[in-house]
Amino acid sequence: AWSLETLVRDHSDMRGLARLSSPQNADEYVFTEVPTNGVDVLNDITMAEACARVALENDTYLQAVIEKDQSLAAKASCDVFDRLKQTLRCETSQRIRIWVSRQGSVTPTHFDASGVSVLHQRRGSKLVLLWPPTPDVMAKARIFPNRHPRRRRAAAQLHEMPPPLVAQLNPGDALIWPARWLHHVTSVGPGACVSITGRFSVPRWRAPATLDEVLKSGLVRQFDEHKHPLRSNPKDWQSKWRKVALSAAAVGRQVLGKCLVALYIRGSVPRGTASDGISDVDVVCLVQGMKHEIVAEANELLRDLARDFSFASKIEMKFWDVESLTHEQLSVLQSRSVQLWPETAGDFSLQASEPPKDLRQRFAQLDKDMASVSSVVESEPRAIREKAAKWMLRRLLRAAAREASATIEDGGTRDLASCALYVRHLASSDERLLAAALVASVRGPRAAWGDAWRSDWRDAVCMLQSVTAKAASLRARTKEIGDLSAL
């Protein structure tokens, strides 16, 4: 369907532009907006003329707008184009085009200024080299300035460029790349090559406005703990997650020694639902008489471990002193976790079951963490800033749900979507911000608010702090009413 013979037979009168090869290199085809240095553009050439020149391995590289020929436009329909337009609601920013070239033809390194580019290969093969538009890459490419006839093109030769990403497209393959990515395309053949290209404008990202929209979009999944009960035997966990969890547990036992009372793992790992790049490994150590310097030693070993198990988003170890542990905290931990060591539950000497009644005392650690994270967000490199901001939102969502819970069964969950749903009635006027905070806690702050996320993140933190305090106040009032009723 895409041979030169078929194109001539069915679409011979279709017209387009034909690029001429560079005077310096007979295989290079350079497009300029005005004739320059012997490089010209042939206008008003027919498909028949272009295919004849390509068949004779002459100096022609045809590009033509497909919509000028309705039958060809129907034939060129592509699932990738349709999905971009329908699923992602992208709009066509450059009309769909057909490209016909001979084997060995080269489009030199350049970039497209806007939109997402799609190249769908129909006949022959093409080799595409790609470079992200980093400052280092753009400096080495030596891009011609905007006023130059060859603007957006690179003056540098391939051997002067950094190592590229490489994609070889065979018939039926499609490649998508963002705006401003440099690309260099070679028609590998055999024989003539035919490609279809399109460029699409991506709508500005808008975080879902409600929690229901977030869950419906798939950005965040609500975890049903009843469908995925804890698996008490580590042999029943996913093998690679079992390995990293047991390795983290070994670190805890190594550094804590006799200070370790019990060691638990909680979250998606013991439920067998951990996902690469999203799930973390959450270990809780119950300790007694632990020296503070042990924390730094454990964290250093966990950082080394994280490099070996990069599929885990984080490996975290918490240290809970049994002398300040409440019955409520232990009940939540034991109902939502698997005890890895010792194999039987210990007999812990616990304090009063009620948390401190003074809200300032109860939230002292939360405020301390908030001050520390705020400092990181203002001063550290981007990756560290985003990780810290994401962690703080998780911490606040879980704290708010814990305070809002009437029973351990209601509020013991660590599932972030469930936590957000549990406190939504306390943030009814800020549900859009709560929905964005949930997205940011799972996908990171840029997924919710874009590059300039810090101001919105601070608003979300203030909102969650307010919700937590409101929930704690309601909980205390409910308890007082219950105590009075008992009298």
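A search of the whole structure finds 17 salt bridges. The structure is a predicted model, with a mean pLDDT of 82 for the protein and 84% of its residues at 70 or more. The points below cover selected salt bridges, the surroundings of E316, the pairing of strand β9, the nonpolar cores and the confidence along the chain.

**Salt bridges**

- R152 pairs with D112, and the closest N and O atoms are 3.7 Å apart. R152 sits in the loop between α5 (135-141) and β7, while D112 sits in the loop between β5 and β6, so this salt bridge ties together parts that are 40 residues apart in sequence.
- R152 has a relative accessible area of 16% and is therefore buried, the limit being under 20%. D112 is also buried, with a relative accessible area of 9%.
- R142 and E160 meet through their side chains in a salt bridge of 3.1 Å, N to O. R142 and E160 each lie in the loop between α5 and β7, so the pair ties together parts that are 18 residues apart in sequence.
- R142 counts as partly exposed at 41% relative accessibility, and E160 is partly exposed at 31%.
- In the salt bridge between R424 and E431, the closest N and O atoms are 2.7 Å apart. R424 is partly exposed at 24% relative accessibility, whereas E431 is buried at 18%.

**E316 and its network**

- A network of salt bridges links R266, D282, K314, E316 and K318.
- E316 belongs to strand β12 (residues 315-321) and is buried, with a relative accessible area of 17%.
- The side chain of E316 makes a polar contact of 3.3 Å with the side chain of W391.
- Leaving aside residues up to four places away in sequence, E316 touches V281, D282, V283 and W391.

**Strand β9 and its partners**

- Strand β9 spans residues 182-201, and 16 of its 20 residues are buried.
- Strand β6 (residues 116-131) runs antiparallel to β9 and is joined to it by 14 bridges. L129 has H184 of β9 as its bridge partner.
- Strand β4 (residues 91-101) is also antiparallel to β9, with eight bridges. Here I98 is matched with I196 in β9.
- Strand β5 (residues 106-110) pairs with β9 in the antiparallel sense over three bridges, and the bridge partner of T107 in β9 is V185.

**Nonpolar cores**

- The largest nonpolar core holds 40 residues, and L393, L434, L438, W449, W457 and L464 have the most contacts inside it.
- Two or more residues of this core come from each of α6 (211-217), α11 (364-379), α12 (382-404), α14 (416-423), α15 (431-443), α16 (445-449) and α17 (454-486).
- Beyond four places in sequence, the residues that W449 touches include L393, A440, W457 and A460.
- Another core lies apart from the largest one and has 31 residues, among them W241, V251, I265 and L305.

**Confidence**

- Mean confidence is highest in strand β7 (residues 165-169), at 95, and lowest in helix α13 (residues 408-411), at 44.
- The pLDDT is below 50 over residues 407-411, a stretch with eleven contacts in the model beyond near neighbours in sequence.
- Residues 32-36 also stay under 50 in pLDDT, and the model has nine contacts for them beyond four places in sequence.

Technical notes
Residues are numbered from 1 along each chain as its sequence is written. This is a predicted model: local features need pLDDT of at least 70, side-chain atom pairs count only at pLDDT 80 or more; totals for chains, interfaces and linings use all residues. Side-chain values use heavy atoms; hydrogens and water are left out. Helices (H or I, at least four residues) and strands (E, at least two) are DSSP runs, numbered from the N terminus. Buried means under 20% relative accessible area, exposed over 50%, partly exposed in between (1.4 Å probe, protein chains only). A polar contact is a pair of N or O atoms within 3.5 Å; within protein, one must be able to donate a hydrogen and the other to accept it, and residues adjacent in sequence count only if both atoms are side-chain atoms. Contact means heavy atoms within 4.5 Å. pLDDT is the predictor's confidence in each residue, from 0 to 100. Two strands pair if DSSP finds at least two bridges between them. A nonpolar core is a set of buried Ala, Val, Leu, Ile, Met, Phe, Trp, Tyr and Cys residues joined through side-chain atoms within 4.5 Å. A salt bridge is a side-chain nitrogen of Lys or Arg within 4 Å of a carboxyl oxygen of Asp or Glu.
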